[in-house]
Amino acid sequence: MKPLVDPFGRAVTYLRVSVTDRCDLRCIYCMRERMRFLPRDELLTLEELERLCTAFVGRGVRRLRFTGGEPLVRKGFLELVRSMRRHLGAGLDEITLTTNGVQLADFAQDLFEAGIRRVNVSVDSLDRETFARIARRDRLPQVLAGIDAAVAAGLKVKINTVALKHDNAHEIPDLVKWAHARGHDITLIETMPLGEIDEDRTDQFLSLARVHEDMRSYWTLHDLPDRTGGPARYVRVEETGGRLGFITPLTHNFCEGCSRVRLTCTGRLYLCLGHETSVDLRAPLRASQDDALLQDAIEAAIALRPKGHDFHIERLSQPATTRHMSVTGG
Ligand code: SAM
Ligand code: SF4
């Protein structure tokens, strides 16, 4: 079947799937303490998620990342990974996972056996109190144990850290040193205005251009050409030998090379993280066991792909989109 190419000539080869909007943490930049989650009957079943992912692999998607919410809180999640494993080497290059790590110790070995080789684990602080303040849950020991278990199981771990002006800015160099000393890449993420939260986003926003500039006063940073089809830019830190990424959707435009689309747990396809344009795939999926309708809907969706995102730094206090990152998947 024809590969998926959008109106701007960009091939869609990367699918992120949010398997649940639920989570066992409540990070201050991501969610409210009291979140109203989707009713369970609105969720796609694991079989439906598998059918959708398979349809995308049939159209040229080579990389699949499961995310959430927290993917490890979705019952039967491992079954979904196991069922997608058959595509590895037959269209699909890799299946990856983004997790908060809280339950990783229990899952690491099974994830490896299910075909996953790389996981991204979010760690916003190595200080237990700060972690508990940011995540609104005291779970740092579990996360660190999860990372150890992942490494022991043979998974390559990358660390994600959201940069927050008041909570962890001072800790960022230590987080980078810690990650690199353990052999993990680390990526810093600027807060993005997605969904209503309890706090003021302008107050939390920390420009990574600024962090990058500060780092150059004490580290030697070498730009790397690596691109992942997404918004990260990478440097090698000479002093630590490790790779450091910057995801700066607000200070850089990363859209021109973007190869990814995002599927929510209700079957809505978002064509861009920072744009409201989306198409429902659940109705065509459920309308028939034959994939013809679904394929038409996917093609029509890709034709709507916007050129770029709608984030603007001056509008940071207002969410650019009403949906939370936990719905679209980070
Ligand atoms: N629960 C998993 C986790 O935390 O890794 C996976 C889902 S989470 C939505 C994916 C990534 O998005 C995490 O690294 C998280 O820190 C980041 N994130 C969540 N909300 C964000 C926001 N408003 N701006 C920037 N990054 C955000
Ligand atoms: Fe949960 Fe991840 Fe959002 Fe934190 S960032 S609340 S761990 S979904």
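In this predicted model, Glu 94 is buried, with a relative accessibility of 18%. The cut-off explains the label, because buried means under 20% relative accessible area. Glu 94 does not stand alone. Its side chain meets that of Arg 118 in a salt bridge, at 2.7 Å from N to O. Glu 94 belongs to strand β3 (residues 94-99) and Arg 118 to strand β4 (residues 118-122), so the pair ties together parts that are 24 residues apart in sequence. Arg 118 counts as partly exposed, at 29% relative accessibility.

Side chains of opposite charge can pair when their charged atoms come close. The count of salt bridges in the model comes to 21.

Another of these pairs joins a helix to a loop. Arg 182 forms a salt bridge with Asp 148, and their closest N and O atoms are 2.9 Å apart. Asp 148 lies in helix α5 (residues 140-153), while Arg 182 lies in the loop between α6 (172-181) and β6 (185-190), so the contact ties together parts 34 residues apart in sequence. Both partners fall in the partly exposed class. Arg 182 has a relative accessible area of 35%. For Asp 148 the value is 41%.

A further pair sits within a single helix. The side chains of Asp 214 and Arg 210 meet in a salt bridge, with an N to O distance of 3.9 Å. Both residues lie in helix α8 (residues 208-215). They are four residues apart, about one turn of the helix. Asp 214 is partly exposed, with 36% relative accessible area. Arg 210 counts as exposed, at 52% relative accessibility. The class of Arg 210 follows from the cut-off, because exposed means over 50%.

Salt bridges can also share partners. Lys 2, Arg 59 and Glu 299 are joined in this way into one network.

The model also holds ligands, and the surroundings of ligand 2 were examined. Three cysteines are found around this ligand: Cys 23, Cys 27 and Cys 30. Leu 25, Arg 26 and Met 31 are also among the residues around ligand 2. Gly 69 and Asn 100 complete the list. By class, the shell around ligand 2 divides into five nonpolar residues, two polar and one charged. Cysteine counts as nonpolar here, and so do leucine and methionine, because the classification places them in that group. The charged member of the shell is Arg 26. The polar members are Gly 69 and Asn 100.

Terms used: Residues numbered from 1 in each chain as written. Chains lettered and ligands numbered in written order. Predicted model: local features only at pLDDT ≥ 70, side-chain atom pairs only at ≥ 80, totals over all residues. Heavy atoms only, no water. Near = heavy atom within 4 Å. Salt bridge = Lys/Arg side-chain N within 4 Å of Asp/Glu carboxyl O. Helix = DSSP H or I, 4+ residues; strand = E, 2+ residues; numbered from the N terminus. Buried < 20%, exposed > 50% of the residue type's maximum accessible area, 1.4 Å probe, protein only.
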